[in-house]
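The following paragraphs lead a new reader through a molecular model, from a single helix to the sheets and the charged contacts. Please keep the sequence and the structure in view while reading.

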Amino acid sequence: MARMLASVTGLDEAQIALRGGADIIDLKDPADGALGALSPEIVHEVVNAVGGRTPVSAVCGNLPMDAAAVRRAAETYAATGADFIKIGFLPEVDARSAVEAVADLSGRVKLVAVLFADLDPHLDLLPVLAANNFHAVMLDTARKGSGGLLRHFGPDRVAAFVGRAREAGLKVGLAGALEAPDIPRLLPFEPDFLGFRTALCAGGRSGAISEEAVRRIRSLIPKEGQVNGSAQADLRLLARGYTPGGDEASRSTDRIFVHDFVLPVEIGAYSFERGRTQKVRFDVDADVMRVTDNPQDMGDVVSYDLIMDGIRTIVARGHLDLVETLAEQIASHLLAVPRIVRVTVRVEKLEVAPGRVGVEIVRSRSARTGS
Ligand SMILES: O=C[C@H](O)COP(=O)(O)O
């Protein structure tokens with residue numbers, strides 16, 4: 001279940017974040033880049049004031065990839081009483097010795113590595129982190145003015161990152177100028193936490209955070225007992241008379257769609273279709289249970305981004321022989337979103353004939369579950 005990490009600059013903001021419902025208080029100086037550190041005294045003060053109500057994490061600073069410097073900073077912040085310390089690892093040098101230099105601190109504090117999506121991170125570091133007792137890895141962005149996480153790492157790369165981190169046995173955090181529409185797109189990857197600063201501030205990440213913004217972001221992340229980004233919606237659906245296993249398709253639905261979505265895809269049963277891509281067009285319509293006639297925020301809707309992200313992620317897995325297989329995988333992926341009750345998926349190869357060839361399938365939840 002994803003938790004919400006809120007980056008704050010000290011005690012006042014920590015209290016605002018707690019009132020807004022943040023699950024992890026993260027201490028950093030946003031005016032000093034992605035990993036600007038606050039003084040150990042401030043961290044200690046916040047740890048005492050939070051008094052165990054939520055975990056507290058502290059950023060160790062913008063460190064050179066030098067084992068001794070990383071060790072010194074990590075020891076300093078481990079001594080503050082923070083539950084987690086976050087250490088950034090840059091890709092330009094081999095970070096292995098810096099990772100090894102802090103391994104034995106894991107008995108005192110949970111170690112969290114931060115890698116940067118916009119700096120071409122070395123994913124080979126993931127097993128090294130796990131072997132050196134790191135608890136978690138967080139994918140963030142270094143250049144905060146350069147767009148959010150998904151701009152640098154498409155959903156297919158995020159899926160690969162999360163998969164490799166989990167395989168190594170690490171918990172996973174995702175961050176990087178995340179905004180409200182990113183949340184339903186990232187929840188399907190089942191991160192352990194999502195990190196925010198910019199979205200919580202009025203006037204950029206160096207501005208002050210607002211309780212209302214914290215609350216709004218928190219409301220988009222399901223809590224324990226809720227499922228995969230959908231349970232909040234499920235509660236609203238229940239309030240409107242939808243019942244699990246009921247005749248969902250006959251209830252009020254809206255249709256979201258992605259049409260004329262063309263991607264290069266490795267597909268085809270012929271040998272000449274292997275080892276290369278060809279253009280494939282996707283047209284997908286999804287019937288979505290309506291929770292309100294007055295949609296105001298991302299919690300009220302199912303985003304069409306989920307359709308595009310799903311297609312990209314499936315296509316990135318590699319070669320498939322049949323358009324039918326691809327269409328079925330897309331349909332299954334979308335019907336895993338509980339609010340989607342019916343999908344029409346059309347997959348067309350654009351380059352194998354003078355015209356277009358392909359398949360269209362219609363699949364619904366009730367037909368699958370028998371409900
Ligand atoms: O650790 C998480 C970051 O503080 C997120 O900051 P951001 O939303 O400004 O990228």
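**Helix H3 and its surroundings**

In helix H3, the residues that are buried are Ala69, Val70, Ala73, Ala74, Tyr77 and Ala78. Viewed along the axis of H3, these buried residues fall within an arc of 160°, so they line one face of the helix. The cover over them includes helix H2 (40-50), strand E3 (56-59), strand E4 (84-88) and helix H4 (96-102). It should be noted that this is a predicted model.

The length of the helix can be checked as well. H3 comprises 12 residues (67-78), and at 1.5 Å a residue these should span 16 Å; the C-alpha atoms at its ends are 16 Å apart, which agrees. H3 also holds a charged pair: the side chains of Arg71 and Glu75 form a salt bridge, with 2.7 Å from N to O. Both residues belong to helix H3 and lie 4 residues apart, about one turn of the helix. Glu75 is partly exposed, its relative accessible area being 33%.

Strands E3 and E4, which help to cover H3, belong to a closed barrel. This barrel has 8 strands in the order E1-E2-E3-E4-E5-E6-E7-E8, and their pairing is parallel. On average, neighbouring strands of this sheet are turned by 25° against each other, direction ignored. One of the pairings joins strand E2 (residues 24-27) to E3 through 3 bridges, the two strands running parallel. Within it, Asp26 has Ser57 in E3 as its bridge partner.

Helices lie across the strands of the barrel. Helix H1 (residues 11-20) lies across strand E1 (3-8) and E2, at about 160° to E1. Helix H7 (residues 155-168) lies across strand E5 (110-116), strand E6 (136-140) and strand E7 (171-174), and runs at about 155° to E7.

Another sheet lies further along the chain. It is an open sheet of 4 strands, ordered E9-E10-E11-E12, with antiparallel pairing. Strand E9 (253-265) and strand E12 (357-364) stand at the edges; each has a single partner strand, so one side of each is left without a neighbour in the sheet. From one strand to the next, the twist averages 10°. E9 is joined to strand E10 (residues 278-289) by 11 bridges, and the two run antiparallel. Among the paired residues is Val258, whose bridge partner in E10 is Val284.

Two helices may be viewed together with this open sheet. Helix H11 (residues 305-316) lies across E9 and E10 at about 35° to E9. Helix H12 (residues 323-335) lies across E9, E10, strand E11 (340-349) and E12, running at about 155° to E11.

Charged side chains also connect parts of this region. Asp260 forms a salt bridge with Arg281, their closest N and O atoms being 3.6 Å apart. This pair links distant parts of the chain, since Asp260 lies in strand E9 and Arg281 in strand E10, 21 residues apart. Asp260 is exposed, with a relative accessible area of 52%. A further salt bridge joins the side chains of Arg346 and Glu348, at 3.6 Å from N to O. Arg346 is partly exposed, with a relative accessible area of 32%, whereas Glu348 is buried, with a relative accessible area of 4%. These four residues take part in a network of salt bridges that links Asp260, Arg281, Asp283, Arg346, Glu348, Arg356 and Glu360. Across the whole structure, a search finds 27 salt bridges.

Conventions: Residues numbered from 1 in each chain as written. Predicted model: local features only at pLDDT ≥ 70, side-chain atom pairs only at ≥ 80, totals over all residues. Heavy atoms only, no water. Pairing = 2+ DSSP bridges. Axes fitted to C-alpha atoms, helices over the stretch in contact; angles between N-to-C directions. Contact = heavy atoms within 4.5 Å. Expected span 1.5 Å × (residues − 1). Buried < 20%, exposed > 50% of the residue type's maximum accessible area, 1.4 Å probe, protein only. Arc of directions from axis to C-beta.
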